[in-house]
Amino acid sequence: HIARLKKQPILWGETKNCSYQYFFGRGVLSKQITKSRILIIGLGAIGSMVAHTLCRGGALRIDLVDYDAKEPENVCRSEYNFDTGINDKVLELRTQLHNISPFIETSGNSLITDAAKLFREDQESKQKLKEYFEGYDLIFDCSADNDLAFLLHQFVPGKELINLSISNHAQELVCAVNPNLYSNMMHIFSILKKEEEPDLYNPTGCWNPTFKAGYNDIAVLVQYAIKQINNSFTQEKPLRNFYLSINSEADFQIQIKTF
């Protein structure tokens with residue numbers, strides 16, 4: 001083997017500017033979102049989409065809460081991947097967020113919501129839970145759990161708490177906020193209440209039965225809702241309760257009703 005030096009320029013590896021300002025320069029969300037310590041509770045279709053959107057919008061700290069595992073039937077309408085198999089939702093979503101943004105910090109918790117229900121009457125535990133939730137600037141409750149919504153409202157009545165839920169066939173999306181989140185949520189539900197035969201899907205996964213809707217059905221409403229929330233923060237206006245409803249009799253339309 002004979003090696004000889006050549007007299008020619010060195011071709012260095014190409015580098016790119018990956019600073020935060022350059023990385024998110026074309027689509028950063030409001031600073032009230034990106035600079036906040038965010039907690040997302042419930043990592044199903046809605047929660048996983050919220051996490052991805054906030055991460056791609058420049059959020060720096062997102063913590064995740066869900067006790068459930070991702071199964072095959074979760075993949076088609078959430079932000080999960082099939083090739084990772086049956087996996088913990090928190091663990092998989094944390095990995096995805098790190099793969100999207102080099103600036104994100106995340107942690108996960110699978111027990112806090114059960115603890116909130118089990119120890120709600122114990123004063124010492126209740127104080128610890130209150131301190132836990134008060135450690136966040138912005139909380140998204142995407143759990144579709146009315147009991148949890150009631151408890152969260154009690155724990156952090158003065159926090160930026162946002163409850164997002166969706167109706168069967170993704171006909172409506174409800175966004176309820178503090179103050180008085182629980183009563184606001186129930187008021188909107190009462191307005192939207194429909195007398196109809198149950199038409200649900202019975203999978204083998206977590207919620208059984210669950211509502212029918214595809215990825216596109218859910219995503220279009222979730223993205224609209226996040227846009228509305230971000231606009232409020234950008235314009236420095238207080239968050240308002242609202243619901244979105246679809247009308248597809250002719251051209252597809254989304255209508256918003258604020259309270």
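This passage walks through the overall build of the chain, then its nonpolar cores and helix 10.

The model is a predicted one. Its chain runs to 259 residues, and 43% of them count as buried. There are 10 helices and 10 strands to keep track of, and the C-alpha atoms fill a box of roughly 85 × 55 × 45 Å along the principal axes. Among contacts with a separation of 6 or more, 60% link residues 24 or more positions apart. On the outside, the chain exposes about 15100 Å², with carbon and sulfur atoms supplying 51% of that area. As for charge, there are 27 positive and 31 negative ones, and the mean positions of the two sets lie 11 Å apart.

Turning to the inside, the largest nonpolar core holds 45 residues. Ile40, Val50, Leu54, Ile62, Phe140 and Leu164 have the most contacts within this core, and helix 10 gives the most to it, with 8 residues. A second, separate core has 20 residues, among them Val65, Phe133, Ala149 and Leu161. Back in the largest core, Leu164 makes contact with a string of residues beyond its neighbours in sequence, including Ile46, Val50, Phe140, Leu173, Val174 and Ala225.

Ala225 is also one of the buried residues of helix 10. That helix covers residues 215-234 and spans 28 Å from its first C-alpha to its last, close to the 28 Å expected. Others buried along helix 10 include Ile218, Leu221, Val222, Ile229 and Phe233, as well as Asn230 and Ser232. Just after helix 10 comes Glu236, with a positive phi near 55 degrees.

Definitions and conventions. Residues are numbered from 1 along each chain as its sequence is written. This is a predicted model: local features need pLDDT of at least 70, side-chain atom pairs count only at pLDDT 80 or more; totals for chains, interfaces and linings use all residues. Side-chain values use heavy atoms; hydrogens and water are left out. Helices (H or I, at least four residues) and strands (E, at least two) are DSSP runs, numbered from the N terminus. Buried means under 20% relative accessible area, exposed over 50%, partly exposed in between (1.4 Å probe, protein chains only). Contact means heavy atoms within 4.5 Å. Accessible areas come from the Shrake-Rupley method with a 1.4 Å probe; for residues, only the protein chains shown count as cover. Lys and Arg count as positive and Asp and Glu as negative; His and the chain ends are not counted. The place of a charge is taken as NZ of Lys, CZ of Arg, CG of Asp or CD of Glu. The expected span of a helix is 1.5 Å times one less than its number of residues. A nonpolar core is a set of buried Ala, Val, Leu, Ile, Met, Phe, Trp, Tyr and Cys residues joined through side-chain atoms within 4.5 Å. Lists of a residue's contacts leave out its neighbours within four places in sequence.
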